[in-house]
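Me: Please take a close look at one helix in this model and describe what it packs against and what it lines.

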Amino acid sequence: MKVLKSLMILFFASQALFAGGMGYVNIERIFNEYSAMNDLRSQLQLLENNWTNEAETKKREWQSLQSQLETEAVTLSEEEISRRRDIISQKKNEYESFVQSVWGDNGLLENKTQELTESPVAQINKTIEEVSELKDISIVLDVSSGVVLYAEPGLDITSEVLTRLNSEYITVQDTTPEEKITIAFLSVVPITADAKASGIAQTASSIVNTALMNIQNVEMSEGSDVSQGMTQNGITSVESVTGSQLSGLATYLLADYIVRGQISQTGEQFNLKIIVFSAEIFSDYLTFEESFEKVDNLEQTIESIVSEIAAEL
């Protein structure tokens, strides 16, 4: 991660520079082997992957419209061509604005990186200081930056710093109670005539809601609160809800994730899609889709999907 590399230059020195001995650390090794930094990189990569997917979707949208216009232009009026060009221009601008908002200067990725790295970087500096005090070291240099051209191996305190950092991080991980994840469930909506007629969407909604409630460390938003939040954010249809509406709803409910679904039916053939929106990345985070035969397999299919959701959250 390029943004992370820009934060990998750390230097600690006490005010009494020459009162004690001298030592050095390998900051690059610390960043690579400190468990907190590894977890942080995974979080950032997940965020960036989701932003990349969203950007690709936006890009494909305007490019598809452009390709369609080029194919159909000879059959269209000048007014229709102009109207479509305006839409394409708008979609392209939305894509470019999104890319800039994520990867541009002071964008979402840069800000999120700075936010997440602040605590572990401070902990690294603090630990270097603690080890230095124990060993009566007054100045610590960074060998990975080329500051140290030669030093006796005994002056390297990198391993001691890492041991202390990782043991403290593991202790915190093991003793801190796991926070509850708040999930708001909207509903599973029918998208075919057979599904609407059979009422299977209502049954699916009930099963999904129950399965989500059974996930360990999950707290479900109250149904009445969800309904009120939907009204407040102008959500009249779960099927056509927008990302901005879901973001507003998540903020209203203080929810980490919002789950919604769609089900289609043609005779005894069914297709179920469950979508998980993440408030943290302001977009859909997970999508699971399963096809199955016969209504008797509905509950098993839902339980399988919710198990996969639980494993990802």
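Reply: What follows deals with helix H3, its packing and a pocket beside it.

The model is predicted, with local features needing pLDDT of at least 70, side-chain atom pairs counting only at pLDDT 80 or more, and totals for chains, interfaces and linings using all residues. Residues are numbered from 1 along each chain as its sequence is written, and side-chain values use heavy atoms, without hydrogens or water.

The axes of H3 (residues 35-72) and H5 (residues 108-134) come within 10 Å and cross at roughly 165 degrees. Axes are lines fitted to C-alpha atoms over the stretch in contact, with angles from 0 to 180 degrees between N-to-C directions; helices are DSSP runs of H or I of at least four residues, and strands are E runs of at least two, numbered from the N terminus. H3 and H5 are therefore roughly antiparallel (an angle over 145 degrees). In the contact (heavy atoms within 4.5 Å), H3 residues including Leu 40, Leu 44 and Trp 51 meet H5 residues including Leu 109, Leu 116 and Pro 120. The contact residues divide into 10 nonpolar, 3 polar and 2 charged (nonpolar: Ala, Val, Leu, Ile, Met, Phe, Trp, Tyr, Cys, Pro; charged: Asp, Glu, Lys, Arg; polar: the others, Gly among them).

H3 also gives the most to the lining of the second largest pocket, with 6 residues. H4 (78-103), H10 (243-253) and strand E8 (283-293) each supply at least two. By class, this lining has 6 nonpolar, 7 polar and 7 charged residues. A pocket is an open set of points on a 1 Å grid over the protein atoms alone, where a 1.4 Å probe fits, with protein on both sides within 12 Å along at least five of seven lines; lining residues have an atom within 4 Å of a point.

Conventions: Angles under 35 degrees count as roughly parallel, over 145 as roughly antiparallel, 65 to 115 as roughly perpendicular and the rest as oblique.
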